[in-house]
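Open the model in your viewer and keep the selection panel at hand. The tour goes stop by stop.

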Amino acid sequence: MFPTLSAESCHEPDRSRSLSPPDPMTTTTATAPGKVILFGEHAVVYGRPAIAVPVAKVKATATLTDAPAGTGCTISAPDICAHIRLSSHQQDPLALAVRLAIEEACIEADPDWQITVSSDIPIAGGMGSGAAVSAALANAVFTHSGFPAHSRSDAETVNRIVYAVEKLHHARSSGIDNTVVVYEQPVWFVRGQPPQRFEIARPFHLVIADTGIASSTAAVVSDVRRAWEKNRERYESVFDNIGEIAVAARQAIASGDVNALGPLMQENQRLLRQINVSSTELERLIAIAEDAGASGAKLSGAGRGGNLICVVESESVGKVQKALQAAGAVGTVVTQVGS
Ligand code: MEV
(Lines give C-alpha, C1' and ligand atoms only; values in the text may rest on other atoms or scores of the structure.)
Protein backbone atom coordinates (compact mmCIF):
# COMPACT_ATOMS: atom_id res chain seq x y z
CA MET A 1 0.00 0.00 0.00
CA PHE A 2 2.79 2.39 0.87
CA PRO A 3 5.86 3.04 -1.30
CA THR A 4 9.38 3.03 0.13
CA LEU A 5 11.48 6.02 1.03
CA SER A 6 12.98 7.98 -1.83
CA ALA A 7 16.61 7.17 -2.34
CA GLU A 8 19.04 7.88 -5.08
CA SER A 9 22.50 6.53 -5.63
CA CYS A 10 25.17 7.78 -8.00
CA HIS A 11 25.79 4.17 -8.93
CA GLU A 12 23.02 1.93 -10.15
CA PRO A 13 21.72 0.12 -7.04
CA ASP A 14 21.78 -3.65 -7.16
CA ARG A 15 18.13 -4.65 -6.70
CA SER A 16 18.88 -8.35 -6.28
CA ARG A 17 19.43 -9.97 -2.89
CA SER A 18 23.16 -10.27 -3.67
CA LEU A 19 25.19 -8.57 -0.96
CA SER A 20 28.45 -8.19 -2.86
CA PRO A 21 30.52 -5.20 -1.69
CA PRO A 22 29.89 -1.91 -3.52
CA ASP A 23 32.33 -0.44 -6.02
CA PRO A 24 35.17 1.47 -4.34
CA MET A 25 34.44 5.06 -3.30
CA THR A 26 30.83 5.16 -4.38
CA THR A 27 28.45 7.57 -2.73
CA THR A 28 24.81 6.96 -1.90
CA THR A 29 22.35 9.63 -0.82
CA ALA A 30 18.98 9.00 0.80
CA THR A 31 16.41 11.42 2.16
CA ALA A 32 13.30 11.33 4.35
CA PRO A 33 10.74 14.10 4.85
CA GLY A 34 9.46 15.87 7.93
CA LYS A 35 5.88 15.39 9.13
CA VAL A 36 3.06 17.15 10.92
CA ILE A 37 0.25 15.61 12.93
CA LEU A 38 -3.04 17.11 11.74
CA PHE A 39 -5.20 15.65 14.49
CA GLY A 40 -4.78 13.35 17.48
CA GLU A 41 -1.33 13.78 19.07
CA HIS A 42 -1.00 12.53 22.64
CA ALA A 43 -4.36 10.72 22.45
CA VAL A 44 -2.68 8.42 19.89
CA VAL A 45 -0.31 7.20 22.61
CA TYR A 46 -3.45 5.94 24.44
CA GLY A 47 -4.89 4.07 21.47
CA ARG A 48 -7.01 6.77 19.82
CA PRO A 49 -6.68 7.44 16.07
CA ALA A 50 -4.55 10.22 14.62
CA ILE A 51 -3.89 11.72 11.22
CA ALA A 52 -0.41 12.74 10.05
CA VAL A 53 1.02 13.90 6.74
CA PRO A 54 4.58 14.09 5.40
CA VAL A 55 6.10 17.49 4.70
CA ALA A 56 8.41 17.10 1.72
CA LYS A 57 9.63 20.72 1.80
CA VAL A 58 11.88 19.87 4.73
CA LYS A 59 14.00 16.77 4.86
CA ALA A 60 16.85 14.85 6.40
CA THR A 61 19.64 13.68 4.10
CA ALA A 62 22.21 10.93 4.69
CA THR A 63 25.23 10.68 2.40
CA LEU A 64 27.23 7.47 2.61
CA THR A 65 30.68 7.22 0.99
CA ASP A 66 33.09 4.30 0.97
CA ALA A 67 36.14 5.07 3.08
CA PRO A 68 39.68 3.63 2.87
CA ALA A 69 39.93 -0.01 4.02
CA GLY A 70 40.35 -0.43 7.75
CA THR A 71 39.06 3.02 8.72
CA GLY A 72 35.72 1.68 9.98
CA CYS A 73 32.38 3.44 9.96
CA THR A 74 31.99 7.03 11.13
CA ILE A 75 28.83 9.12 11.22
CA SER A 76 29.05 12.92 11.22
CA ALA A 77 26.16 15.26 11.88
CA PRO A 78 27.69 18.76 11.58
CA ASP A 79 24.32 20.44 12.44
CA ILE A 80 24.51 18.99 15.95
CA CYS A 81 28.32 18.81 16.15
CA ALA A 82 28.22 15.02 16.40
CA HIS A 83 31.03 12.80 15.17
CA ILE A 84 30.50 9.16 16.04
CA ARG A 85 32.56 6.04 15.50
CA LEU A 86 30.06 3.22 14.98
CA SER A 87 32.04 0.62 16.91
CA SER A 88 31.99 2.60 20.17
CA HIS A 89 28.48 4.16 20.28
CA GLN A 90 25.88 1.42 20.43
CA GLN A 91 23.22 3.49 22.18
CA ASP A 92 23.52 6.69 20.21
CA PRO A 93 20.39 7.14 18.02
CA LEU A 94 22.41 7.74 14.82
CA ALA A 95 24.65 4.74 15.52
CA LEU A 96 21.67 2.54 16.40
CA ALA A 97 19.91 3.33 13.10
CA VAL A 98 23.06 2.42 11.14
CA ARG A 99 23.80 -0.64 13.30
CA LEU A 100 20.27 -2.07 12.90
CA ALA A 101 20.32 -1.47 9.14
CA ILE A 102 23.72 -3.17 8.84
CA GLU A 103 22.35 -6.18 10.73
CA GLU A 104 19.25 -6.35 8.52
CA ALA A 105 21.40 -6.18 5.39
CA CYS A 106 23.52 -9.08 6.79
CA ILE A 107 26.79 -7.16 6.58
CA GLU A 108 29.09 -9.04 8.91
CA ALA A 109 32.04 -6.78 9.74
CA ASP A 110 31.76 -3.04 10.39
CA PRO A 111 32.04 -1.57 6.89
CA ASP A 112 34.46 1.23 5.97
CA TRP A 113 32.02 4.06 5.47
CA GLN A 114 31.91 7.78 6.08
CA ILE A 115 28.29 8.84 6.61
CA THR A 116 27.21 12.47 6.86
CA VAL A 117 23.74 13.52 8.02
CA SER A 118 22.13 16.90 7.58
CA SER A 119 18.59 18.11 8.06
CA ASP A 120 16.55 21.26 7.63
CA ILE A 121 13.75 19.88 9.82
CA PRO A 122 13.63 21.87 13.08
CA ILE A 123 15.14 19.80 15.91
CA ALA A 124 12.74 19.18 18.84
CA GLY A 125 10.04 21.01 16.88
CA GLY A 126 7.39 18.31 16.50
CA MET A 127 8.17 17.72 12.82
CA GLY A 128 9.74 14.28 13.07
CA SER A 129 13.37 15.35 12.77
CA GLY A 130 14.74 12.33 14.69
CA ALA A 131 12.61 9.83 12.75
CA ALA A 132 13.58 11.39 9.42
CA VAL A 133 17.30 11.23 10.24
CA SER A 134 17.00 7.54 11.22
CA ALA A 135 14.98 6.76 8.08
CA ALA A 136 17.49 8.52 5.81
CA LEU A 137 20.36 6.62 7.47
CA ALA A 138 18.70 3.19 7.24
CA ASN A 139 17.71 3.76 3.65
CA ALA A 140 21.22 4.93 2.70
CA VAL A 141 22.67 1.73 4.20
CA PHE A 142 20.13 -0.46 2.36
CA THR A 143 20.58 1.24 -0.99
CA HIS A 144 24.35 1.28 -0.72
CA SER A 145 24.62 -2.37 0.23
CA GLY A 146 22.20 -3.59 -2.45
CA PHE A 147 19.52 -4.60 0.02
CA PRO A 148 16.37 -4.91 -2.09
CA ALA A 149 14.96 -1.44 -2.34
CA HIS A 150 11.59 -0.21 -3.54
CA SER A 151 9.59 -3.11 -2.16
CA ARG A 152 6.96 -2.99 0.52
CA SER A 153 8.90 -5.32 2.79
CA ASP A 154 11.88 -2.98 2.61
CA ALA A 155 9.77 -0.04 3.85
CA GLU A 156 8.44 -2.21 6.64
CA THR A 157 12.00 -3.05 7.66
CA VAL A 158 13.00 0.62 7.64
CA ASN A 159 9.89 1.42 9.68
CA ARG A 160 10.80 -1.22 12.26
CA ILE A 161 14.34 0.16 12.56
CA VAL A 162 13.18 3.76 12.90
CA TYR A 163 10.61 2.77 15.52
CA ALA A 164 13.34 1.02 17.55
CA VAL A 165 15.39 4.23 17.47
CA GLU A 166 12.35 6.37 18.32
CA LYS A 167 11.93 4.29 21.46
CA LEU A 168 15.40 5.37 22.58
CA HIS A 169 14.13 8.97 22.43
CA HIS A 170 10.86 8.23 24.18
CA ALA A 171 9.81 4.82 25.38
CA ARG A 172 6.07 5.42 24.95
CA SER A 173 6.32 6.38 21.28
CA SER A 174 3.06 5.50 19.51
CA GLY A 175 4.88 4.83 16.23
CA ILE A 176 3.08 7.53 14.25
CA ASP A 177 6.19 9.65 13.56
CA ASN A 178 8.26 6.83 12.06
CA THR A 179 5.28 5.55 10.04
CA VAL A 180 4.50 8.81 8.25
CA VAL A 181 8.15 9.66 7.67
CA VAL A 182 9.07 6.21 6.32
CA TYR A 183 6.04 5.69 4.05
CA GLU A 184 5.89 9.34 2.93
CA GLN A 185 2.10 9.13 2.75
CA PRO A 186 -0.74 10.72 4.70
CA VAL A 187 -1.64 8.15 7.35
CA TRP A 188 -4.60 7.27 9.48
CA PHE A 189 -2.85 5.73 12.44
CA VAL A 190 -4.03 3.62 15.37
CA ARG A 191 -1.33 2.28 17.66
CA GLY A 192 -0.61 -1.42 17.09
CA GLN A 193 -2.56 -1.59 13.82
CA PRO A 194 -1.22 -1.38 10.27
CA PRO A 195 -1.31 2.24 9.05
CA GLN A 196 -4.07 3.10 6.60
CA ARG A 197 -4.15 5.54 3.75
CA PHE A 198 -7.22 7.69 3.43
CA GLU A 199 -8.84 9.59 0.62
CA ILE A 200 -8.19 13.31 0.23
CA ALA A 201 -11.05 14.47 -1.96
CA ARG A 202 -9.97 18.13 -2.14
CA PRO A 203 -6.43 19.42 -1.54
CA PHE A 204 -5.96 22.02 1.18
CA HIS A 205 -3.13 24.25 2.34
CA LEU A 206 -1.32 24.29 5.63
CA VAL A 207 0.94 27.04 6.92
CA ILE A 208 3.40 25.57 9.42
CA ALA A 209 5.14 27.98 11.78
CA ASP A 210 7.97 27.33 14.20
CA THR A 211 7.83 29.01 17.61
CA GLY A 212 11.61 28.49 17.82
CA ILE A 213 11.12 26.95 21.26
CA ALA A 214 12.66 23.48 21.47
CA SER A 215 10.47 20.97 23.23
CA SER A 216 11.39 17.43 24.22
CA THR A 217 8.70 14.96 23.13
CA ALA A 218 9.87 12.54 25.85
CA ALA A 219 9.42 15.16 28.58
CA VAL A 220 5.97 16.28 27.42
CA VAL A 221 4.72 12.70 26.92
CA SER A 222 5.99 11.82 30.43
CA ASP A 223 4.21 14.84 31.95
CA VAL A 224 0.96 13.81 30.28
CA ARG A 225 1.47 10.29 31.59
CA ARG A 226 1.90 11.51 35.16
CA ALA A 227 -1.23 13.66 34.88
CA TRP A 228 -3.15 10.71 33.35
CA GLU A 229 -2.06 8.50 36.27
CA LYS A 230 -3.46 11.05 38.73
CA ASN A 231 -6.75 11.56 36.91
CA ARG A 232 -7.42 8.74 34.48
CA GLU A 233 -11.13 9.38 34.09
CA ARG A 234 -10.72 12.99 33.01
CA TYR A 235 -7.78 12.27 30.67
CA GLU A 236 -9.48 9.26 29.08
CA SER A 237 -12.50 11.43 28.40
CA VAL A 238 -10.35 14.14 26.76
CA PHE A 239 -8.59 11.47 24.67
CA ASP A 240 -12.00 10.09 23.60
CA ASN A 241 -12.98 13.58 22.45
CA ILE A 242 -9.72 14.01 20.54
CA GLY A 243 -10.28 10.61 18.88
CA GLU A 244 -13.78 11.70 17.82
CA ILE A 245 -12.29 14.82 16.24
CA ALA A 246 -9.82 12.67 14.28
CA VAL A 247 -12.73 10.54 13.01
CA ALA A 248 -14.70 13.65 11.99
CA ALA A 249 -11.60 15.12 10.30
CA ARG A 250 -11.03 11.95 8.29
CA GLN A 251 -14.63 12.07 7.08
CA ALA A 252 -14.32 15.77 6.20
CA ILE A 253 -11.08 15.18 4.27
CA ALA A 254 -12.54 12.18 2.43
CA SER A 255 -15.66 14.10 1.42
CA GLY A 256 -13.84 17.29 0.43
CA ASP A 257 -15.43 19.32 3.23
CA VAL A 258 -12.31 21.43 3.76
CA ASN A 259 -14.34 24.12 5.56
CA ALA A 260 -14.90 21.73 8.46
CA LEU A 261 -11.17 21.37 9.14
CA GLY A 262 -10.57 24.81 10.71
CA PRO A 263 -13.22 24.41 13.45
CA LEU A 264 -12.01 20.83 14.08
CA MET A 265 -8.46 22.13 14.56
CA GLN A 266 -9.74 24.77 16.98
CA GLU A 267 -11.57 22.11 18.95
CA ASN A 268 -8.54 19.80 18.97
CA GLN A 269 -6.41 22.71 20.23
CA ARG A 270 -8.92 23.46 22.99
CA LEU A 271 -8.57 19.86 24.21
CA LEU A 272 -4.76 19.95 23.95
CA ARG A 273 -4.86 23.05 26.17
CA GLN A 274 -6.87 21.04 28.70
CA ILE A 275 -4.10 18.46 28.97
CA ASN A 276 -1.59 21.26 29.44
CA VAL A 277 0.57 20.78 26.36
CA SER A 278 0.11 24.21 24.81
CA SER A 279 2.18 27.29 25.73
CA THR A 280 1.89 31.06 25.78
CA GLU A 281 3.89 31.37 22.57
CA LEU A 282 1.85 28.73 20.74
CA GLU A 283 -1.38 30.43 21.82
CA ARG A 284 -0.09 33.87 20.74
CA LEU A 285 0.88 32.64 17.26
CA ILE A 286 -2.36 30.65 16.88
CA ALA A 287 -4.39 33.80 17.64
CA ILE A 288 -2.32 35.82 15.15
CA ALA A 289 -2.80 33.20 12.42
CA GLU A 290 -6.56 33.10 12.98
CA ASP A 291 -6.79 36.92 13.01
CA ALA A 292 -4.91 36.94 9.69
CA GLY A 293 -7.45 34.58 8.10
CA ALA A 294 -6.53 30.99 9.01
CA SER A 295 -9.70 28.88 9.35
CA GLY A 296 -8.17 27.10 12.34
CA ALA A 297 -4.81 26.39 13.94
CA LYS A 298 -3.30 24.08 16.53
CA LEU A 299 0.00 22.87 17.88
CA SER A 300 1.44 19.84 16.10
CA GLY A 301 3.51 17.12 17.75
CA ALA A 302 4.21 17.07 21.46
CA GLY A 303 3.56 20.79 22.04
CA ARG A 304 4.83 23.22 24.75
CA GLY A 305 6.89 24.70 21.88
CA GLY A 306 7.81 23.46 18.45
CA ASN A 307 5.50 24.04 15.51
CA LEU A 308 1.91 25.02 14.97
CA ILE A 309 -0.15 24.24 11.88
CA CYS A 310 -2.84 26.43 10.35
CA VAL A 311 -5.40 25.36 7.76
CA VAL A 312 -5.72 28.24 5.33
CA GLU A 313 -7.72 28.91 2.16
CA SER A 314 -5.36 29.43 -0.79
CA GLU A 315 -6.08 33.18 -1.13
CA SER A 316 -5.09 33.80 2.53
CA VAL A 317 -1.87 31.75 2.59
CA GLY A 318 0.46 34.72 1.92
CA LYS A 319 -1.29 36.94 4.49
CA VAL A 320 -1.18 34.29 7.24
CA GLN A 321 2.45 33.45 6.51
CA LYS A 322 3.49 37.13 6.60
CA ALA A 323 1.57 37.74 9.84
CA LEU A 324 3.31 34.78 11.51
CA GLN A 325 6.73 35.92 10.30
CA ALA A 326 6.07 39.48 11.50
CA ALA A 327 5.00 38.08 14.88
CA GLY A 328 8.34 36.31 15.33
CA ALA A 329 7.84 32.77 14.00
CA VAL A 330 11.40 31.63 13.33
CA GLY A 331 10.46 29.70 10.22
CA THR A 332 7.34 29.07 8.14
CA VAL A 333 6.58 26.41 5.55
CA VAL A 334 3.57 26.25 3.26
CA THR A 335 2.49 22.81 2.15
CA GLN A 336 -0.43 21.37 0.22
CA VAL A 337 -2.10 18.22 1.52
CA GLY A 338 -3.41 16.10 -1.37
CA SER A 339 -2.75 16.69 -5.05
C1 MEV B 1 4.80 13.28 18.75
O2 MEV B 1 5.06 13.68 17.41
C3 MEV B 1 3.40 12.76 18.86
C4 MEV B 1 3.00 12.29 20.27
O5 MEV B 1 1.64 11.85 20.16
C6 MEV B 1 3.87 11.17 20.77
C7 MEV B 1 3.69 9.86 20.02
O8 MEV B 1 2.68 9.67 19.35
O9 MEV B 1 4.59 9.03 20.15
C10 MEV B 1 3.03 13.43 21.27
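**Stop one: the cavity**

Select A124, G125, G126, S215, T217, S300, G301, A302, G303, G305 and G306: they line the largest cavity. A cavity, on a 1 Å grid over the protein atoms alone, is a set of points where a 1.4 Å probe fits but cannot get out; lining residues have an atom within 4 Å of a point. The volume of the largest cavity is about 40 Å³, taken as the space filled by probe spheres set on the points, with grid points joined across faces, edges and corners. The count is one cavity of 30 Å³ or more.

A note on the model before moving on. This is a predicted model, in which local features need pLDDT of at least 70 and side-chain atom pairs count only at pLDDT 80 or more, while totals for chains, interfaces and linings use all residues. Residues are numbered from 1 along each chain as its sequence is written, and side-chain values use heavy atoms, with hydrogens and water left out.

**Stop two: a four-stranded sheet**

Now show the open sheet of four strands, in the order 9-10-8-11, with antiparallel pairing. Strands (E, at least two residues) and helices (H or I, at least four) are DSSP runs, numbered from the N terminus. Two strands pair if DSSP finds at least two bridges between them. Which strands stand at the edges? Select 296-300 for strand 9 and 331-337 for strand 11: each has a single partner strand, so one side of each lacks a neighbour in the sheet. Neighbouring strands here are turned by 25° against each other on average, direction ignored.

Go inward to strand 8 (residues 204-210) and strand 10 (residues 307-312), joined by six bridges. Pick I208; its bridge partner in strand 10 is I309.

Add helix 7, residues 261-274. It lies across strand 8, strand 9 and strand 10, at about 45° to strand 9. Contact means heavy atoms within 4.5 Å. Axes are lines fitted to C-alpha atoms, for helices over the stretch in contact, and angles run from 0 to 180 degrees between N-to-C directions.

**Stop three: strand 6 and its partners**

Select strand 6 (residues 113-119) with strand 3 (residues 50-66): seven bridges, antiparallel. T61 has S118 as its bridge partner. Then add strand 4 (residues 73-77), which pairs with strand 6 in the parallel sense over four bridges. There, T74 is partnered by Q114.

**Last stop: cysteines**

How many disulfides does the structure hold? Zero, where a disulfide is a pair of cysteine sulfur atoms within 2.5 Å. Select C73: its sulfur is 17 Å from the closest cysteine sulfur, in C106, too far for a bond. C73 is buried, at 2% relative accessible area. C310 is buried too, at 0%. Buried means under 20% relative accessible area, exposed over 50%, partly exposed in between (1.4 Å probe, protein chains only).

Methods. On a 1 Å grid over the protein atoms alone, a cavity is a set of points where a 1.4 Å probe fits but cannot get out, and a pocket is an open set with protein on both sides within 12 Å along at least five of seven lines; lining residues have an atom within 4 Å of a point.
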